[in-house]
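This report describes one protein chain, beginning with a backbone detail and moving on to the packing of the interior.

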Amino acid sequence: MKDEALNKKILIVCALEVETQGQLDDYDVLYTGVGKVNATYKLTTHFGKYGSYIPYSMVINYGTAGSRKIKKKTLTDCTSFIQRDMDVTGLGFMRGETPFEKDIPFVIPSKCNFNPIGRNATCGSGDNFVEDRTQYYGEVVDMEAYALAKVCYMRDVPFISFKYITDGADEQAHEDWEANLADGIEEFKNKVLSELPK
């Protein structure tokens, strides 16, 4: 059993190749496309091709994100995940709570011991690009991490996310994202990938 664990690999999951700037060619990388549905489909399909054995000791999500609490051009870790655009408050559920779901926690925790940053931010994922201040939920907002965290939680694979804050999740978010997205991969390589166990 110990030898089996040693042979497991690390999977890096990103939404878009533009976020990695072609700098992760030496790693096992899965690109999912944008949004929770694409992220869920791609990661589930990727796991499924191995049958009952998933050959990964850890899944690391890297991507860009917005935040009103963490300054721009900062790489942060996310270790709690919520679905910010799930809203069934009309039936008495909390915002972000998936109705009638008993086996998955409302906020999905990371089960990963690897975390060289240690801020432990909460990431709110939703299928919209946050520019409206009334649509904010979590210290960090993105479009995929909750979905990836949920798949990993259900398949018992350790998961953690690292997000490079490109924008303030406000009216200038789209402009700031385009201007800053290329800088994050260097931070990710220096602060996270360099700390991975050899």
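## A positive phi after H3

Asp 156, just after helix H3, takes a positive phi of about 60 degrees. Helices (H or I, at least four residues) and strands (E, at least two) are DSSP runs, numbered from the N terminus. H3 itself is mostly covered, with 8 of its 11 residues buried, where buried means under 20% relative accessible area with a 1.4 Å probe, protein chains only. Among the buried residues of H3 are Tyr 146, Leu 148, Lys 150 and Cys 152.

## Basis of the model

The model is predicted: local features need pLDDT of at least 70 and side-chain atom pairs count only at pLDDT 80 or more, while totals for chains, interfaces and linings use all residues. Residues are numbered from 1 along each chain as its sequence is written, and side-chain values use heavy atoms, with hydrogens and water left out.

## Nonpolar cores

The largest nonpolar core (buried Ala, Val, Leu, Ile, Met, Phe, Trp, Tyr and Cys residues joined through side-chain atoms within 4.5 Å) has 28 residues. Those with the most contacts inside this core are Leu 11, Leu 43, Phe 47, Val 59, Phe 81 and Val 140. Elements giving two or more residues to the core include helix H2 (36-48), strand S3 (56-66) and helix H3 (145-155). H3 provides the largest share, 7 residues. Apart from this core lies another, of 17 residues, among them Leu 24, Phe 162, Tyr 164 and Phe 188.

## Whole chain

The chain has 5 helices and 8 strands. Of its 198 residues, 47% count as buried.

Key. Buried means under 20% relative accessible area, exposed over 50%, partly exposed in between (1.4 Å probe, protein chains only).
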